[in-house]
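Biologist: I would like a close look at one part of this protein, the salt bridges, with the partners and their surroundings taken one after another. Please go through them with care.

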Amino acid sequence: MRRQPLLQHYAEYIDLPEHTRVVSLLEGGTPLVPMPRLAAELGGGFELYIKYEGLNPTGSFKDRGMTAAVGESLGRGARSVICASTGNTAASAAAYAARAGMRAVVLIPAGKVASGKLAATAAYGAQVLQIEGSFDKALELVVAISKKHPIALVNSLNPHRLQGQKTAAFEIVDQLGGAPDWLCLPVGNAGNISAYWMGFQDYGQGLPKLLGVQAAGAAPLVAGHPIEQPETLATAIRIGKPARGEQAMAAAEESGGRIIAASDDQIVAMRQRIAAEGLWVEPASAAGLAGLAQQIAAGTLDPSGLRIVAVCTGHGLKDPGSEPQTVVEASTLLADFNALEAAILGEQT
Ligand SMILES: *Cc1c(COP(=O)(O)O)cnc(C)c1O
């Protein structure tokens, strides 16, 4: 098992400035979990794996990029970091800033950040500020602040983030013994899909086709124009003007893949199917697989004989409030043996 900080482990492939310091929580090294039952449900005849990024230190893949971005900013003498966030970037920035002894300021869209993300961000000691406005507006504001003040911007506009995030592609190649045929993943601000494409290219052991999946109510790359009021239950990808949209479109096209949209219903249904095979992920994380299922059903992607990897970007604990009530309602019983026995046997019939 790897016991080294992520960026040291893959040092020969990582391009960061000399002054970058090590700020690590031993991120990365996440499992690639085979999903044979889900593959069979989707028609069978292919291998399906989930890269379970919810097992990073703060529960999302953002940690891979944050170790690089915070380490670089610390090395060049910054004392504070800032980001706009739909939640996971905030939690990750807050944790890595805490690790580095730096201050973190996060700007979020009011009422649109999942409870687990907000709680973590506050626990790590970040200053949390909310605006009545979208993620896109928050990003505009923090970019402007970081230009005027010596506060390091750690959104994925920061190129160092992508250097860290591309390591997930290296791990998949190492775990599979080569690149998969398809890589499916959610697309929000489009940094991650760009980082994966860079990673597979830098590692030089084959390239997958990319299936990037946006939520239908927040799908600017499918619509071909910004979405002013993006709406989706998958709050991590509730983004109407992706900062790396062009790069992502180019990556998908070069790979021979595409960027598509999945409805919230498809995303929620897929989240439940994944959980039914033992992995609980936050809604956005299920978008990649929801898109894959949709394409297979429509006959526009034939998986026969292929190896397909879906990236599940964040843990289910991040956003328990998004579960349908039917899932979380527990039946209340008398504290009584017979009542318990009847409830259990009743379920069986
Ligand atoms: C950030 C995030 C995404 C989207 O990644 P981008 O790089 O913004 O495209 C997807 N899922 C989760 C859980 C995230 O935190």
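Modeller: In this predicted model, one salt bridge is formed by the side chains of Lys-241 and Glu-140, with a distance of 3.8 Å from N to O. This pair links distant parts of the chain, since Lys-241 sits in the loop between helix H10 (220-223) and helix H11 (245-255), whereas Glu-140 belongs to helix H6 (residues 135-148), 101 residues apart. Lys-241 has 43% relative accessibility and therefore counts as partly exposed, and Glu-140, with a relative accessible area of 44%, is partly exposed as well.

A further salt bridge joins the side chains of Glu-231 and Arg-238 at 3.1 Å, N to O. Here Glu-231 is partly exposed, its relative accessible area being 44%, while Arg-238 counts as buried because its relative accessibility is 10%, and the cut-off for buried is under 20%.

Salt bridges that share partners also join Lys-51, Glu-53, Arg-64 and Glu-171 into one network. Within this network, Glu-53 forms a salt bridge with Arg-64, whose closest N and O atoms are 2.6 Å apart. Glu-53 lies in the loop between E2 and helix H3 (62-75) and Arg-64 lies in helix H3, so the pair ties together parts that are eleven residues apart in sequence. Glu-53 counts as buried, at 0% relative accessibility, and Arg-64 likewise counts as buried at 0%. The pairs described here are among the eleven salt bridges that the structure holds.

Definitions and conventions
Residues numbered from 1 in each chain as written. Predicted model: local features only at pLDDT ≥ 70, side-chain atom pairs only at ≥ 80, totals over all residues. Heavy atoms only, no water. Salt bridge = Lys/Arg side-chain N within 4 Å of Asp/Glu carboxyl O. Helix = DSSP H or I, 4+ residues; strand = E, 2+ residues; numbered from the N terminus. Buried < 20%, exposed > 50% of the residue type's maximum accessible area, 1.4 Å probe, protein only.
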